[in-house]
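Here's a quick briefing to read alongside the model. Have the viewer open and follow along.

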Amino acid sequence: LKIGKNVVGPDTRPAVFYNSLTHAREPGGMQSLFYFIDDLLSGYGSDPWKTYLLDQRQIYICPLVNPDGYQINVNTYVGSGGSTFGNWRKNARDNNGSGTFDGGDGVDLNRNYGFQWGFNSVGSSGTPSSDLYRGPSAFSEPETQAQRDRVIALSPRCAVSFHTYSDLWLHPWGYQVTATPDSNSFYEWDDEASTGLGYSAGQSTRVLYEVNGEFNDWCYGETVLKPRLFSWTPEMGSQNDGFWPPPSRILPLANEGLRPCYTVAAIAGPYVRMERAEWTGGALLIG
């Protein structure tokens with residue numbers, strides 16, 4: 001989906017890229033993106049902030065990165081008569097060439113990106129049956145190739161890749177503990193995006209675990225094929241929500257995604273942010 005005011009001629013507005021359902025059992029991100037789209041569009045012409053973003057940004061949304069893996073989980077649910085939720089994470093690559101899908105198949109798409117692919121076997125796995133299997137080579141999968149090619153073509157300033165769950169807001173690097181050169185900016189924007197959500201925010205290796213060949217690191221680290229961009233991963237929902245939260249939690253979780261989505265759209269280009277100002281003892285304190 002491309003969302004924004006239609007313009008005639010070359011579109012030079014800053015672009016923002018969002019995706020979800022890289023891992024097939026994590027539909028909460030898709031719900032958040034659709035909720036964001038609805039909230040954004042409903043305010044056009046009446047809400048100055050939403051109108052500004054739709055006028056001044058190109059907003060691109062891929063709600064379903066992993067359609068084959070997601071279909072496996074749909075089949076599980078339908079086949080059980082609605083009694084069992086699917087737990088499949090990877091795509092549907094036929095790893096053993098059997099011609100039929102089985103538990104040893106699939107590639108973890110968030111270990112298949114080209115930056116630091118296969119850096120070690122802690123942040124990904126070379127074993128095909130593992131849930132963290134990185135694939136036979138970087139960008140071996142059509143799904144990651146599609147994401148790569150779209151991001152290169154769009155050259156967005158910022159990106160968000162939704163996942164679930166753990167109430168986290170993550171930035172690069174994921175493959176090493178050493179911070180990025182832009183660590184201070186990342187932490188400033190982490191705070192802005194996660195304020196009021198109760199999320200733990202920070203670098204992936206420090207807040208969650210080590211990972212290599214993942215989307216965020218590629219977005220930030222790959223600078224030959226495209227300009228550097230700032231990218232984040234929300235891990236939405238708590239352990240009580242799990243991968244398939246009850247219906248009563250779908251809307252509250254989708255609502256949690258609004259602030260991060262709006263924040264990342266804003267920082268892709270110029271915007272005005274109101275801050276608290278307090279005059280004390282002859283000094284102006286900005287907070």
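**Helix 8 and its two sides**

In helix 8 (residues 247-256), the buried residues (under 20% relative accessible area, 1.4 Å probe, protein chains only) are Leu 253, Ala 254 and Glu 256. Helices here are DSSP runs of H or I with at least four residues and strands are runs of E with at least two, numbered from the N terminus. Keep in mind that this is a predicted model: local features need pLDDT of at least 70, side-chain atom pairs count only at pLDDT 80 or more, and totals for chains, interfaces and linings use all residues. Residues are numbered from 1 along each chain as its sequence is written, and side-chain values use heavy atoms, with hydrogens and water left out.

- Looking down the axis of helix 8, the buried residues sit within an arc of 145° (taken from the directions from the helix axis to the C-beta atoms), so they line one face.
- Ser 248 and Leu 251 are exposed (over 50%) on the face of helix 8 turned away from the buried side.
- The buried residues of helix 8 pack against helix 1, strand 8 (230-236) and helix 9 (258-267), with contact meaning heavy atoms within 4.5 Å.

**Cysteines**

- There are zero disulfides (pairs of cysteine sulfur atoms within 2.5 Å) in the whole structure.
- Why is Cys 219 unpaired? The closest cysteine sulfur, in Cys 158, is 10 Å from its own, too far for a bond.
- Cys 261 is in no disulfide either, with the nearest cysteine sulfur, that of Cys 158, 12 Å away.
- Cys 219 is buried at 0% relative accessible area, and Cys 261 counts as buried at 0% too.
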